[in-house]
Amino acid sequence: MKTIDNALYIGDVPVRQIARAYGTPTYVYDEQRIRANYARVAAAFRTQYPDFHLYYAIKANDNLAVAAIVTGEGAGIDAASVNEILLAKELGLDGERVIFSGNFLSDEDIVLGLESGVIFNLDDASLFPRVMRFGKPDLICFRVNPGYGKSNVGDFVTNAGPNAKFGVHPDQVLDAYRMAREAGIRRFGVHMMPGSCVTDAEYFPFVVGLLMDIVGKVGATLGIDFEFIDIGGGLGIPYRPGEAPLDLEGAARKSVEVFRSKLGEYGLKPPRLVMEPARAIVGDAGWIVGTVHSIKRGYSTIIGTDVSFNVLVRPALYDAYHGIYVDGKEHGPRARLGLCGQLCENTDFWVRDRELPADIAEGDIVVVENAGAYGYAMSFRYNGRLRPAEVLVNGASHELIRAREGFEDMTRGVRIPARLRK
Ligand SMILES: Cc1ncc(COP(=O)(O)O)c(C=O)c1O
């Protein structure tokens, strides 16, 4: 986002123009930013390890237009569910361009996953015999819980370590691969998802080392050559003012150093190195444009906007911080104010007491930043407040990429039994 004459722009489009054209609240994504982010992540690792491949974790932002930008750059898809496999298919990706990292899968998930021919990334050893009841995948990958997890999002958002529901316990990994090999599987990958929004560059080589010690022992004991080693996502972006960004290039260089040295230590054949980031690609490339509808001056001053927590749940769910800007007013005097959405929930506060433009007024346009990942994808309908529109900006052009929900979405699929009708 940039400011020209006090007006806020996303790409080269004034946010006021977005609000006029599409209404509010509206998610806006900057195509050029997504492409630049992708290029940076890919280059950071590829310059260190040329056989490096990206799978975009589509859960973070499943708008097909956004995902098409990322897959157009060369990414595969990391799918958390069968429906996300189907999204990948819509983008022309199937087979081993898709890695299926669901957890606690149902039989139906397994059957549909097998039919689609994607890479099965199994979250637990117990899933393997269940998969084999329905068919034999060509390649098997287990998600390893390396025993340690880290999150800047909040203590409860942990993808790995003893409190996480994810991944195979380190002590069970060897037996999991042994079981797969004894069942006749000959192609293997391994995966971990070590954290969420990590901005500490030292963490990545540390956790790659943990994974590689597990993988090395499996490879050496069972004589398995891993085709790929997937070190997950978790590349963080700064959300708070003054927060240091991740030294991405440093994280990549040090991770690959550890990776290569452990390959040597355990005598493993160099596999493909895979990552499946999402936040680092789309997180800072998305904003929400909203409107101030009403201001209450009571116990405190509360600015009421149409950006409620059904639109972006991260602050209410994780106590997450998002920068908020007011179009045309960022350079004037500031005052400590509260800012909320329109839900009948008292957790629907963006901020209770933050410095915002003192002259903020009804009708002003507000912009919430860093909303590109885990934003719309986690939005929902509540209080009759519907999911917003999504718009893609490319330079000075802008277009709708998902229509705003309407009342018909509230009643779709709902049936009132005849006995309850008047
Ligand atoms: C299995 C898996 N891979 C990749 C990601 C993407 O992570 P991030 O957005 O932190 O890069 C997630 C996010 O939760 C995940 O669960």
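How many residues of domain 1 are in contact with domain 2, and how many of domain 2 with domain 1? In this predicted model, 24 residues of domain 1 touch 21 residues of domain 2. The views below take the domains, their contact, the ligand and one helix in turn.

**View 1. Two domains make up the assignment of the chain.** Domain 1 comprises 2-28 + 283-411. Domain 2 comprises 31-281. Taken over C-alpha atoms, the domain centres lie 32 Å apart.

**View 2. The side of domain 1 that touches domain 2 includes residues of strand 21 (389-394) and strand 22 (397-402).** Each of these two strands gives two or more residues to that side. Strand 21 gives the most, with 4 residues. By class, this side of domain 1 has 11 nonpolar, 9 polar and 4 charged residues.

**View 3. A shell of 18 residues surrounds the ligand.** The closest are Ala-57, Gly-233, Pro-277, Ala-278 and Arg-279. The shell divides into 9 nonpolar, 6 polar and 3 charged residues.

**View 4. Helix 2 (residues 31-46) has the span expected for its length.** At 1.5 Å a residue, its 16 residues should span 22 Å. The end C-alpha atoms are 22 Å apart, so the two values agree.

**View 5. Helix 2 has buried residues on one side.** They are Ile-34, Asn-37, Tyr-38, Val-41, Ala-44 and Phe-45. These residues lie on the same side of helix 2 because they cover an arc of only 135 degrees around the axis. Their packing partners include three strands: strand 4 (26-30), strand 5 (52-57) and strand 14 (272-275). Helix 3 (64-72), helix 9 (248-266) and helix 10 (279-282) also pack against the buried residues of helix 2.

Definitions and conventions. Residues are numbered from 1 along each chain as its sequence is written. This is a predicted model: local features need pLDDT of at least 70, side-chain atom pairs count only at pLDDT 80 or more; totals for chains, interfaces and linings use all residues. Domain bounds come from an automatic or database domain assignment. Two residues are in contact if their C-beta atoms, placed from the backbone, lie within 7 Å. Ala, Val, Leu, Ile, Met, Phe, Trp, Tyr, Cys and Pro count as nonpolar, Asp, Glu, Lys and Arg as charged, and the others, Gly among them, as polar. A residue is near a molecule or strand if its C-beta atom, placed from the backbone, lies within 6 Å of it. The expected span of a helix is 1.5 Å times one less than its number of residues. A residue is buried if 20 or more other C-beta atoms lie within 10 Å of its own, exposed if 12 or fewer, and partly exposed in between; C-beta atoms are placed from the backbone. The arc is that of the directions from the helix axis to the C-beta atoms.
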